[in-house]
Amino acid sequence: MDELLNILNEINPDIDYMTETNLIDGKMIDSFSIFKLIDDICETFDIDIGPKWMRNENFNSVHAMWDMIQAIQNEDE
Amino acid sequence: MLITSLQFLLFVFGAMILFYLVPKKIQWMILLAASIAFYVSVNVWGIFLVLVTASTIYGSALWIESIRKKQKSYFKENKELLSREEKALIKEKNNKKRRRILVTTLVLNFGILCVFKYLHFALEQVNLVISVFGGSVIEDRINLIMPLGISFYTFQSTGYLIDVYWENCKPQKNYFKTLLFVSFFPQITQGPISDYTKLSNELFSEHKLSYENFVNGFERMLWGFAKKMVIADYISSMVGSLFENYSNYTGISAFIGTFFYSVQIYADFSGYMDIMCGVCEMFGIRLTENFKQPYFSKSIAEYWRRWHITLGEWFKKYVYYPIGMSRLSKKIGQKTKDKFGKFVGQTIPPTIALIVVWFVTGLWHGASWAYIVWGGVNGLFIIFSMWMEPVYAKVKSALKICDTSRLWQAFQVLRTFVLVTLIKVFPEVGSLSGGLKLWKHIFSNHRIPASLSELLPFVDDISIPFLIVASLTGFLFIHSLVERKRDFRTLFHKLPFAVRIAALTVLFIIIAYIGIPAASEGGFLYANF
């Protein structure tokens with residue numbers, strides 16, 4: 001989780017990621033930044049995020065992102 | 001059946017009476033019957049193409065799901081017997097099969113759309129190439145009438161199928177429910193392009209007649225009629241005159257005229273959405289909103305998140321992300337990252353995706369080079385801003401510009417509105433060369449108009465109807481301004497009942513006095529897309 005928070009803080013350090021649940025719907029992360037976010041997540045966690053995971057609810061909070069990462073890791077296994 | 005006709009209103013109220021009279025479990029059937037009747041009344045033969053889309057999407061969605069289900073139960077039954085490698089092999093084989101079904105169905109449906117929408121344009125391009133080489137051109141004898149709403153229902157249906165393929169939603173088992181999802185009458189002609197999960201929840205749940213829904217829906221519908229029939233239709237003749245005669249006007253007059261077009265298209269398209277959202281609300285159904293005060297956007301990218309929202313969302317979900325996240329984009333991104341650093345490497349994939357998205361967006365709006373260039377210009381601004389973001393940040397910090405400063409925000413809004421307007425009128429003159437000529441005229445003719453009539457030559461006369469339309473446009477501006485922070489409806493409903501009734505009566509009289517004579521002149525602008 002700390003690694004994910006580091007990635008997010010690099011994109012925008014002014015957000016309290018532990019409590020924010022509206023990152024995409026609230027336009028705090030736009031459709032350009034999300035590519036940076038995905039690139040860093042894929043590199044750090046050694047996963048491949050396909051377009052089917054590109055739903056707002058998967059990126060609206062750090063917890064949702066964490067759940068998605070784990071789901072992809074389980075799927076790969 | 002014109003949306004702005006009495007016939008349409010009678011049709012809606014007739015369908016609504018039946019909708020609330022039948023048992024709630026079969027309310028969706030009334031919507032289906034109304035949708036088919038509406039479509040047939042406008043475009044009899046087009047209904048066969050709607051049926052083709054609904055049938056192929058329905059069948060393919062079930063087929064894709066059945067492969068997934070079979071695989072799941074096979075894995076469950078043979079949990080102990082299958083090795084990881086064997087499982088991966090089966091998965092790959094099934095995924096290929098599912099992809100083949102998806103691609104075939106998409107090719108078929110987009111193929112139909114392309115035939116009806118782009119065949120003439122394609123033939124023109126072929127003839128252009130032939131004539132360059134001195135050959136004899138192919139005569140265009142194709143006489144196809146574009147089926148009503150084909151661009152909208154094709155996008156909505158294919159989006160649903162891709163969602164089933166991505167396992168984002170379960171397929172609909174009832175064919176007639178799929179047909180309703182494809183053909184739902186309030187949205188088939190101009191959208192919104194709805195997400196299956198959201199719309200199906202609305203369409204197939206049970207609805208109780210409610211005074212609140214009815215009043216809210218009716219008010220919104222009336223406001224939509226006013227926007228379309230009073231503002232958009234009244235201004236349309238002025239805009240038509242601008243596009244025909246701009247070369248006789250001064251540059252400043254043509255420039256002002258382009259803003260009339262901005263008002264017209266907004267009132268036209270958002271007016272349609274208000275009518276249909278209002279109609280749906282009276283049925284207890286909530287449609288996805290398609291506008292969110294677009295002319296108050298601070299950048300072109302933001303504007304496209306607020307204008308025709310559902311089309312933008314469709315492109316983002318089914319074109320932008322898949323292309324930006326494709327193996328090829330990632331590979332190019334990785335190579336450029338190694339060579340030029342993280343920022344370049346991470347900006348390349350969205351850039352590739354944006355180029356494709358804006359080319360397709362241009363084509364979606366119209367089969368002409370003018371629209372392709374229009375899409376290209378929009379894309380160029382967005383891509384340029386994305387690449388220049390670090391530079392902008394440095395400049396802003398050097399000039400001590402604060403993003404929260406009201407003055408700075410007002411400048412951004414004004415700048416975006418002017419840019420959007422100039423880009424918007426480009427394809428509307430009728431051709432690529434016409435659009436370029438208009439731009440050139442605006443910026444090269446510096447003659448100062450001698451009088452108000454020379455400044456606004458497309459305005460015949462400052463008459464009472466003109467003043468009423470101007471006042472209503474002013475109200476539209478205030479309405480949008482309020483909606484940025486607060487819900488206008490809530491504020492309106494806080495007014496005394498008598499005041500509300502008086503306001504609605506005035507609106508109704510304005511529609512009858514100005515709107516009804518003006519409305520007979522034409523349909524909706526976005527219906528042509």
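Leaving aside neighbours within four places in sequence, Leu180(B) is in contact with Trp28(B), Leu31(B), Leu32(B), Ser35(B) and Leu203(B). This is a predicted model, and the contacts are read from its coordinates. Leu180(B) is part of helix H6 of chain B. Leu180(B) counts as buried because 25 C-beta neighbours lie inside 10 Å, where the cut-off for a buried residue is 20 or more. His365(B) is 185 residues away from Leu180(B) along the chain, and their C-alpha atoms are separated by 25 Å.

One of the contacts of Leu180(B) is Leu203(B), a buried residue of helix H8 (residues 196-203) of chain B. Which other residues of helix H8 of chain B are buried? They are Tyr196(B), Leu199(B) and Ser200(B). The buried residues cover an arc of only 100° around the axis, which means that they sit on the same side of H8(B). That buried side packs against helix H2 (27-42), H5 and H6 of chain B. The face turned away from the buried side of H8(B) carries the exposed residues Thr197(B) and Asn201(B).

**Domains of chain B**

The domain assignment divides chain B into domain 1 (6-209), domain 2 (210-291 + 436-529) and domain 3 (298-429). Taken over C-alpha atoms, the centres of domain 1 and domain 3 of chain B are separated by 29 Å. Where they touch, 12 residues of domain 1 of chain B are in contact with 7 residues of domain 3 of chain B. On the domain 1 side of this contact, helix H4 (84-132) and helix H5 (150-165) of chain B each supply at least two residues. By class, that side has 6 nonpolar, 5 polar and 1 charged residues.

**Chain A and its contact with chain B**

Chain A contains 4 helices and 0 strands, in the order α-α-α-α along the sequence. The radius of gyration of chain A is 11 Å, close to the 11 Å that the globule rule gives for 77 residues, so chain A is as compact as a globular protein of that length. Its C-alpha atoms fill a box of roughly 35 × 20 × 20 Å along the principal axes. Of the 77 residues of chain A, 25% count as buried. Among contacts in chain A between residues at least 6 apart in sequence, 61% join residues at least 24 apart.

How many residues does each chain bring to the contact between chain A and chain B? Chain B gives 14 residues and chain A gives 10 residues. On the chain B side, helix H12 (309-324) and helix H14 (342-365) each supply at least two residues. H12(B) gives the most to that side, with 6 residues.

The table sets out the residue classes on two of the contact sides described above.

| Side | Nonpolar | Polar | Charged |
|---|---|---|---|
| Domain 1 of chain B, touching domain 3 of chain B | 6 residues | 5 residues | 1 residue |
| Chain B, touching chain A | 8 residues | 3 residues | 3 residues |

**Confidence**

The model scores ipTM 0.86 and pTM 0.90. Chain B averages a pLDDT of 91, and 98% of its residues score at least 70. Within chain B, confidence is highest in helix H6 (residues 175-183), at a mean of 97, and lowest in helix H18 (residues 452-455), at 84. Leu180(B), with which this report began, lies in helix H6 of chain B. Where pLDDT is low, the predicted coordinates should not be read in detail.

Technical notes:
Residues numbered from 1 in each chain as written. Chains lettered and ligands numbered in written order. Predicted model: local features only at pLDDT ≥ 70, side-chain atom pairs only at ≥ 80, totals over all residues. pLDDT = per-residue confidence, 0-100. Domains from an automatic or database assignment. Contact = placed C-beta atoms within 7 Å. Nonpolar A, V, L, I, M, F, W, Y, C, P; charged D, E, K, R; others polar. Rg over C-alpha atoms; globule rule 2.2 N^0.38 Å. Buried ≥ 20, exposed ≤ 12 C-beta atoms within 10 Å, placed from the backbone. Arc of directions from axis to C-beta.
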